[in-house]
Amino acid sequence: MNLKELIDEDRCGGVFRVHRSAFTSAEIAALEQENIFKRCWLYLGHDSELPNAGDFRRRTVAGQPLFWVRGSDGQARVFYNSCTHWGANVCRVDEGNAELFQCFYHAWTFNNKGELVSVPDEAGYGEGFHKQAMGLASPPRVDNYRGLYFVSFNRDAEDLISYLGDAKEYIDLILDQAEEGWRIVPGTQKYSVRANWKMFSLNSLDSYHVRPLHSTFFKYTESLGSGDPPPAPPTEFPGPQGRSLSLRNGHGVDIFPSLARARPIAHWHPILGEESKEEIRKRRARLVEKFGEERAYLMCNTNRLMLIYPNFALHDIAGVSLRYFEPVGDEYMEVTVQTLAPHGESAGLLNRRLENFLSFLGPGGFAHPDDIEAMESAQLGFRAGGPDWVDTSRGMQRESTALDELHVRAFWRQWHANILGYAKADRHHDSVDGGQGISKDTAE
Amino acid sequence: MTVGRDDSLNEKLTALLLEREVEDFLVREAALLDEWRLDDWLDLFTEDARYMVPATDMPTADPKETLAIINDDMARLRGRVERLKSRHAHREFPWSRTRRFVTNVRIKDINGEEIHANASFLVYRIRSGHVDPLIGSYVYTLRRVAGLLKIAARKAVLDLEALRPHGTLSIIL
């Protein structure tokens, strides 16, 4: 397969399709490692995971074992989890608090700022040995946007803020919902999918599958009764059908009215419990006061499925979920899921927030197991041969709705540019739809 | 023969009978699940019961304040069973085969009508060419209602570090 022909696009004819080998080729998977995972900004974690000096977390990013630690000086740093001497892991538990990290192999000891502070029998080393140069090594780029930390293994990567493109505004739309700030709720869902990692990226953006695939979830929530009636939208955006939007650089969002469905911030439904009604309504009133009706409506009465290219899905739906996934070979991925809650949320609402999250999401939810089944089934189907293409042309010739695939095409254009060795796609949206949603339609 | 020795024997026999009763209860429960007799399985629960599977990195945490994998009250557990019985729980349609080994049953505490018991489990899920073992321990609160044992709380604590390569927890664990 000629790499240039992996995507077949005819804008005027309304054709956009991707060759199935994008999901099955080991050669392409290897190119992705080099051109995507070693070049992009990749999600690492949230600031609240290291509240105190000495707190640390182990993470694997793009197959690289790392750990992330807040030094005694208060600064969060990321290190390769490898002793600068013989290479063994110096951090050997998933999380904790430490002043020193001593390698168990030869007892070289590093402080929580990464400096090498002790070497047994140091006198045995000659004048070519420079202890101060043997501190733990860091990935070339680490930065954060409002507490969301990313790393890049590409020294020349553009700044994180510019990389995030228009996704920044949608991150703001989530993070602004809690004036007291957010924290990661302890407890991590770690699972896997026997499918190519891009299945997860694209499933995370796709609303078209939601009704047919997840009917059992809707049957369950509808059986619980109905929530508060949704307010009349004070803004044209995103409209009753919602929108699928490109956020530049391969990022995308699906945004649509949440109607009468539960949103801990801030729309009450029986699944959130009678006792939480007041807390939720008060939160909404505060947001209206602070941000105005339009922005408060977007925060409280629309859902967002956002993908930060390539592998970080930030969903603001039945709760805020952070899902990041790592390819392991071409047909298997490891998935990690965490959730955010506002600092100081009442114990009752936190409990309901988590229950609401678990009803839909996660490996034991009423919906997500079927996403995984669909991804694995499609992977088997792609491997089976027969048709050569995946059609992703939905909505190419109309103003996008949430059921359309404008964001999916934006992902593929960025991906294709990367595969061909370019940093960016020359065009990130369909020419027939340049609408950029929030900034164009709702800016004050 | 002293009276004391008889008392001690009676105590031992009572404890042994309870152990057997609990063990038998858990083994029968496992059979109901392996046979996908989910409605019969639901009948084993009290109305205030919970079914929980904590996250693999927080095995002892309270799911009220931590993200778990499953935290069902009876309404959600009935919804889960309803879902699994439909043709639209795609991860389990057709149903996977399962085989459960429930062993090392220990009575931890008896508190009035409530019995706290732990057990080890090894549950195989077999489907679509994969055999995925789930390993861990059960923490039960059983309650005697009208002479019969019922489940008032059932927590399945996974020893696995992650649901990998399983992907999901789509069966009842």
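**Briefing: chains A and B of a predicted model**

Of the 444 residues in chain A, 49% are buried. The structure is a predicted model. Chain A contains 12 helices and 21 strands, and 34 of its residues are in contact with 32 residues of chain B. The points below take chain A as a whole, then one of its helices, one of its sheets, the contact between the chains, and a run of strands in chain B.

**Overall form of chain A**

- The radius of gyration of chain A is 23 Å, which agrees with the value near 22 Å for a compact globule because that value is the one set by a length of 444 residues.
- The C-alpha trace of chain A spans about 75 × 60 × 40 Å along its principal axes.
- When contacts in chain A between residues at least 6 apart in sequence are considered, 64% of them join residues at least 24 apart.

**Helix α11 of chain A**

- Helix α11(A) covers residues 406-419, which is 14 residues.
- From the first C-alpha to the last, α11(A) reaches 20 Å, close to the 20 Å expected at 1.5 Å a residue.
- This helix is mostly covered, with 12 of its 14 residues buried.
- The buried residues of α11(A) include A:Leu406, A:Val408, A:Phe411, A:Trp412, A:Trp415 and A:Ile419.
- Charged and polar side chains also appear in that buried set, among them A:Arg409, A:Arg413, A:Gln414 and A:Asn418.
- After α11(A) comes A:Gly421, which has a positive phi near 95 degrees.

**A three-stranded sheet in chain A**

- An open sheet of 3 strands in chain A follows the order β8-β9-β10, and its pairing is antiparallel.
- Its edge strands are β8(A), residues 100-102, and β10(A), residues 116-118, each of which pairs on one side only.
- On average, neighbouring strands of this sheet are turned by 35 degrees against each other, direction ignored.
- Strand β9(A), residues 109-111, is joined to β10(A) by 2 bridges, and the two strands run antiparallel.
- A:Thr109 has A:Ser118 in β10(A) as its bridge partner.

**Contact between chains A and B**

- The side of chain A that touches chain B draws at least two residues from each of β14 (189-193), α7 (215-222), β20 (333-342), α9 (347-360) and α10 (368-383) of chain A.
- Helix α9(A) gives the largest share of that side, with 7 residues.
- By class, the side of chain A that touches chain B consists of 15 nonpolar, 12 polar and 7 charged residues.

**Strands β4, β5 and β6 of chain B**

- Strand β4(B), residues 114-127, runs antiparallel to strand β5(B), residues 130-145, and 14 bridges join them.
- Across this pair, B:Ile126 stands opposite B:Val131 in β5(B).
- The hairpin of β4(B) and β5(B) has 2 residues between the strands, and B:Ser128 takes a positive phi near 50 degrees there.
- Strand β5(B) also pairs with β6(B), residues 148-158, in the antiparallel sense over 10 bridges.
- Within this second pair, B:Val139 has B:Lys155 in β6(B) as its bridge partner.
- A hairpin is formed by β5(B) and β6(B) too, with 2 residues between them, and B:Ala146 in the turn has a positive phi of about 50 degrees.
- As general background, strands of a sheet pair through backbone hydrogen bonds, either parallel or antiparallel.

Notes:
Residues are numbered from 1 along each chain as its sequence is written. Chains are lettered from A and ligands numbered from 1 in the order in which they are written. This is a predicted model: local features need pLDDT of at least 70, side-chain atom pairs count only at pLDDT 80 or more; totals for chains, interfaces and linings use all residues. Two strands pair if DSSP finds at least two bridges between them. Helices (H or I, at least four residues) and strands (E, at least two) are DSSP runs, numbered from the N terminus. Axes are lines fitted to C-alpha atoms, for helices over the stretch in contact, and angles run from 0 to 180 degrees between N-to-C directions. The expected span of a helix is 1.5 Å times one less than its number of residues. A residue is buried if 20 or more other C-beta atoms lie within 10 Å of its own, exposed if 12 or fewer, and partly exposed in between; C-beta atoms are placed from the backbone. Two residues are in contact if their C-beta atoms, placed from the backbone, lie within 7 Å. The radius of gyration is taken over C-alpha atoms; the globule rule is 2.2 Å times the number of residues to the power 0.38.
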